[in-house]
Amino acid sequence: MTAAQCLAQERIWFDKPRYDEAERQFYERMNGPTQPKQDTGANSILQDIARARENIQKSLAGSGGGSAADYGELAARMKDLELENQSLHKVVQDLRSALSKVESRVSALEKRTTAPTVNGTTPAVPQKAPPTPAKQEEEEDEDDIDLFGSDAEEDEEAERLKEQRLQEYAARKAKKPALIAKSSILLDVKPWDDETDMAKLEECVRSVQVDGLLWGASKLVPVGYGIKKLQINCVVEDDKVGTDFLEEEITKFEDYVQSMDVAAFNKI
């Protein structure tokens, strides 16, 4: 393999000087032509400062419209702050004047309380008037009150009030009319056959009279084969009359009554 073939296979950047020159020209256009380097470090610092100033001026010139708006806003805020400062100064002045007035009044009062003696005599102290007989009696009554006495009397009074209230409640409850539980019962009274006298049967049923029982309306209801049953209504007091009692009393009339049934039972 020849030297030319070896160099062709190597990766060498032959155009690097051209790119370096292009980069230098670009920065010179951006920042101005570069000055030749000098030996002293002061000249390099001055050059850097000059270059920084130029960059700042260029940046301010590029954002001139926005900076004007910012200046206007800052001026308005400064004006508002000045007005607020003036109002605060006025408030402080008012507070100072009020404080001076208070201090003057306090000093005047102190001078009155500590008035000097005149001709070696102190000012006369006003004497209290002697208490009246009525006030003396009130003070004696207050002295007679025993604030630390026993609670026995209070307990007895509380028990007495409790008993009295219980008695009053019992009396009111006794006067109140008690509710009487009642029921409405519909009875079916069946005869022996179709020849039974239904009028006599109803008369026998209504002959059952007792305290707490009240008979109502009645009617004859056909059962079949010409037989009719007596359907009669009654109102009873639950504590005094029951269905067993009614069945026992009605079925005593064996000549007319075959059986008795409760058709309906409703609480009133």
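**View 1. The largest nonpolar core of this predicted model brings together 18 residues.** Leu 187, Trp 215, Leu 246 and Ile 250 are the members with the most contacts inside the core. Five elements, E1, H7, E2, E3 and H8, each supply at least two of the core residues. Strand E3 gives the most, with 4 residues. A good place to start looking is Leu 246, which touches Ile 185, Leu 187, Leu 213, Trp 215, Cys 234, Val 236, Val 241 and Met 260, leaving aside residues up to four places away in sequence. Two of the core's best-connected residues, Leu 187 and Trp 215, are among these partners of Leu 246.

**View 2. The whole chain, for orientation, holds 8 helices and 4 strands.** If you follow the sequence from its start, the elements come in the pattern α-α-α-α-α-α-β-α-β-β-α-β. The chain has 268 residues, and 10% of them count as buried. Among contacts between residues at least 6 apart in sequence, 66% join residues at least 24 apart. The remaining views stay with the four strands and with helices H7 and H8.

**View 3. Four strands form an open sheet in the order E2-E3-E1-E4, with antiparallel pairing.** The edges are E2 and E4 (residues 259-267), each of which pairs on one side only. On average, neighbouring strands of the sheet are turned by 20° against each other, direction ignored. To walk across the sheet, begin with E2 and E3, which run antiparallel and are joined by 9 bridges. Here Leu 213 stands opposite Val 236 of E3. Next, E1 and E3 pair in the antiparallel sense over 8 bridges, and Asp 188 stands opposite Gln 231 of E3. Last, E1 and E4 also pair in the antiparallel sense, over 8 bridges. Two positions help to find this pairing: Val 189 stands opposite Met 260 in E4, and Leu 186 has Ala 264 of E4 as its bridge partner. While you look along any of these strands, keep in mind that in a regular strand the side chains alternate between the two faces of the sheet.

**View 4. Helix H7 (residues 198-206) has four buried residues: Met 198, Leu 201, Cys 204 and Val 205.** Seen down the helix axis, the buried residues of H7 fall within an arc of 115°, so they line one face of the helix. The spacing of such positions has a simple background: an α-helix has 3.6 residues a turn, so residues three or four places apart point the same way. What do the buried residues of H7 pack against? Their neighbours are strand E1 (182-190), strand E2 (213-224), strand E3 (227-237) and helix H8 (243-250). At the N-terminal end, H7 is capped by Asp 197, with a side-chain oxygen 3.3 Å from the backbone nitrogen of Ala 199.

**View 5. Helices H7 and H8 both lie across strands of the sheet.** H7 lies across E1, E2 and E3, and runs at about 15° to E3. H8 lies across E1, E2, E3 and E4, and runs at about 150° to E4. Both helices also feed the core of the first view, where each supplies at least two residues.

**View 6. Ser 183 sits in strand E1.** Is Ser 183 buried or exposed? Ser 183 is buried, because its relative accessible area is 0%, and the cut-off for that label is under 20%. The side chain of Ser 183 makes a polar contact of 2.6 Å with the side chain of Asp 238. Apart from residues up to four places away in sequence, Ser 183 touches Cys 234, Val 235, Val 236, Asp 238, Phe 265, Asn 266, Lys 267 and Ile 268.

**View 7. Tyr 225 lies in the loop between E2 and E3.** The hairpin of these two strands has 2 residues between them. The phi of Tyr 225 is near 60°, a positive value in a residue other than glycine. This is worth a second look, for most residues other than glycine have a negative phi. Tyr 225 is also exposed, because its relative accessible area is 83% and the label requires over 50%.

Note on methods
Residues are numbered from 1 along each chain as its sequence is written. This is a predicted model: local features need pLDDT of at least 70, side-chain atom pairs count only at pLDDT 80 or more; totals for chains, interfaces and linings use all residues. Side-chain values use heavy atoms; hydrogens and water are left out. Buried means under 20% relative accessible area, exposed over 50%, partly exposed in between (1.4 Å probe, protein chains only). The arc is that of the directions from the helix axis to the C-beta atoms. Contact means heavy atoms within 4.5 Å. A polar contact is a pair of N or O atoms within 3.5 Å; within protein, one must be able to donate a hydrogen and the other to accept it, and residues adjacent in sequence count only if both atoms are side-chain atoms. Two strands pair if DSSP finds at least two bridges between them. A nonpolar core is a set of buried Ala, Val, Leu, Ile, Met, Phe, Trp, Tyr and Cys residues joined through side-chain atoms within 4.5 Å. Axes are lines fitted to C-alpha atoms, for helices over the stretch in contact, and angles run from 0 to 180 degrees between N-to-C directions.
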